[in-house]
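Colleague: I am just starting to read protein models, and I would love a close look at one part of this one. Could you take me through it slowly, as you would with a first-year student?

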Amino acid sequence: MAEVKLFRTWSSPFPLRIVWALEVKGIEYEMIYEDLSNKSSMLLQYNPVYKKVPVLLHKGKPISESLVILEYIEETWKSKTPSLLPEDPYQRAMARFGAKFGEDKILPLIWEAFIKQGKEQEEALVAVHGNMKYLEVELRGKKFLGGDAVGFADLAFGWLANLVSVFEEVTGVTFIDCEKFPLLLTWMQNFMDAPKIRDTWPPRDKLITKFRALRETLIAKEPK
Amino acid sequence: MANTSSTHDVKVLGAWPSPFVIRARIALNIKSVEYEFLAETPGSKSQLLLQSNPVHKKIPVLIHRGKPIAESLVIVQYIDEVWSSGPSILPSDPYDRAIARFWAAYVDDKFFPSLRPIKSAQGEEKAALVKQVNEGLVLLEEAFQKSSKGKAFFGGDRIGYLDVAFGSMLGWLRATEKMGEVKLLDEAKTPGLVQWAESFCADGAVKGLIPDTEKIVEFAKLIAARMKGSGSS
């Protein structure tokens, strides 16, 4: 029986962060795929508060919330390199700040830009661009947010690398302009192709189909 | 242990009503670190704040040796890691740390947002909001029982990360009870938390930081009046 199990879905970007952390550190694990429309009793038992993926099960003990899980992996498998967080407390704080900023600002704004249309979408994109400047600045002189190698903040933002282009294809709108965000686009490509990361991406055509259908459903629900 | 940092080495930009600011101050107190408290004027943002936290323009900001750190829980972890010879704030075991982080995030993502709308809600809407908060408190009671293992705090014998994250909310919790005319922390439903709340507020690192309920109620009324007065749509 595997010591480490990861509950995930085929498409959700949050469990994918955990896949990346485990792969990058070379930790053996077993994947358990969930269908969120028909959640397993195990998932409900292990994450009763949110009933969501990811859940990491280590020696029978469950941990939920992807950023919490990343810290757990870093602290539990201390000897497994590479480290996801730097040694210096200030640099660690910057990485954690960045990850939280991604969750609280970037993610909801990009989602908003994806599910809206017309003026609302335009406004959301303006907000996205305003906030993306943070990443463009952080990436100066660096290949990854973590420096030479992928780190905590890269794993937190990694979903941008594949989902932005999926959203752009579905909406027909450019989310990240190559003129305004050259460093960010380069980072997205570097992250996409990074060793251990490059083989984990869910099939693009399936993602496009899924998100197209989801967008249509959400737009149909909007009050007129 | 000699505290070699000068008062000006460590600054906290904040305001007395903010539970997030309180977290940073409790953490510094746990470590016996002296700091300069720079109070922001309500309704306006200082140049220093805008420079130190350009991304969010929010308090608290910790400024240590001229370098700013924002986001209260990031600040608390930073304090724990920098002043590592002081009493630990996070537990030592990785699983216990994960549990503490999980519940601290729950307080921020679910619990505190569910508290805010109660004070001005009415009827059915209010009942639904109160039910949500009560369900959250029951979850936190369970977490307390598991985490404290019979001791006074989530952190055991001493206050720790989750005590700081949740305890910082107690002023607003009590003020919400008063403004919403509703009992939230109830000995019958969450006896552990009721006892914990008393112990937490009496702790040396916390004393004086949780504002009086009346002060918060007055402050909340001031903010509500200001928002009405600004006439925004």
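Please begin with chain B: how many residues does chain B have, and what percentage of them are buried? After that, please stay with chain B and show me how its parts sit beside chain A.

Modeller: Happy to! Please keep in mind that this is a predicted model. Chain B has 233 residues, and 52% of them are buried. A residue is called buried here when its relative accessible area is under 20%.

Let us start with the overall build of chain B. It contains 9 helices and 4 strands, and the order along the sequence is β-α-β-α-β-β-α-α-α-α-α-α-α. The radius of gyration of chain B is 18 Å, close to the 17 Å that the globule rule gives for 233 residues, so chain B is as compact as a globular protein of that length. If you lay a box along the principal axes, the C-alpha trace spans about 55 × 50 × 25 Å.

Contacts tell you how the chain folds back on itself. Take the contacts in chain B between residues at least 6 apart in sequence: 67% of them join residues at least 24 apart. On the outside, chain B has an accessible surface of about 11100 Å², and carbon and sulfur atoms hold 53% of that surface. As for charge, chain B carries 29 positive and 27 negative charges, and the mean positions of the two groups are 4 Å apart.

Now for some individual residues of chain B. B:Lys31 sits in the loop between helix H1 (19–30) and strand S2 (36–39). Is this lysine buried or exposed? B:Lys31 has a relative accessibility of 2%, so it counts as buried. For a sense of distance, compare its position with that of B:Lys183: the two are 152 residues apart along the chain, and their C-alpha atoms are separated by 34 Å.

B:Glu181 makes a nice contrast. This residue belongs to the loop between helix H7 (170–180) and helix H8 (191–202) of chain B. With a relative accessibility of 71%, B:Glu181 counts as exposed. Its backbone is worth a look too, as phi of B:Glu181 is near 50 degrees, a positive value in a residue other than glycine.

The next residue leads us across to the partner chain. B:Arg101 is part of helix H4 (residues 94–115) of chain B, and at 6% relative accessibility it counts as buried. Which residues does B:Arg101 touch, once neighbours within four places in sequence are left aside? From chain A, B:Arg101 is in contact with A:Val68, A:Glu71, A:Glu75 and A:Arg96. From chain B itself, the contacts of B:Arg101 are B:Gln77, B:Leu90 and B:Tyr161.

Let us widen the view to the whole interface. The contact takes 24 residues from chain A and 24 residues from chain B. The size of an interface is often given as the accessible area lost when the parts come together. Here, the area buried between chain A and chain B is about 2300 Å², and carbon and sulfur atoms give 68% of it. Three residues deserve your attention on the chain A side: A:Tyr50, A:Tyr90 and A:Phe97 supply 25% of the area that chain A buries against chain B, more than any other three residues.

What does the partner look like as a whole? Chain A comes to 9 helices and 4 strands. The radius of gyration of chain A is 18 Å, close to the 17 Å that the globule rule gives for 224 residues, so chain A is as compact as a globular protein of that length. Of those 224 residues, 51% count as buried.

One loop of chain A is a good last stop. A:Lys51 is found in the loop between H2 and S3 of chain A, and it has a positive phi of about 55 degrees although it is not a glycine. At 39% relative accessibility, A:Lys51 counts as partly exposed. A:Pro54 lies in the loop between helix H2 (41–46) and strand S3 (55–58), and a cis peptide bond joins A:Val53 to A:Pro54, with omega about 0 degrees. Another cis peptide bond links A:Thr81 and A:Pro82, again with omega about 0 degrees. You will find A:Pro82 in the loop between helix H3 (66–76) and helix H4 (89–115) of chain A.

Notes:
Residues are numbered from 1 along each chain as its sequence is written. Chains are lettered from A and ligands numbered from 1 in the order in which they are written. This is a predicted model: local features need pLDDT of at least 70, side-chain atom pairs count only at pLDDT 80 or more; totals for chains, interfaces and linings use all residues. Side-chain values use heavy atoms; hydrogens and water are left out. Helices (H or I, at least four residues) and strands (E, at least two) are DSSP runs, numbered from the N terminus. The radius of gyration is taken over C-alpha atoms; the globule rule is 2.2 Å times the number of residues to the power 0.38. Buried means under 20% relative accessible area, exposed over 50%, partly exposed in between (1.4 Å probe, protein chains only). Contact means heavy atoms within 4.5 Å. Buried area is the accessible area (1.4 Å probe) that two parts lose on being put together, summed over both. Accessible areas come from the Shrake-Rupley method with a 1.4 Å probe; for residues, only the protein chains shown count as cover. Lys and Arg count as positive and Asp and Glu as negative; His and the chain ends are not counted. The place of a charge is taken as NZ of Lys, CZ of Arg, CG of Asp or CD of Glu.
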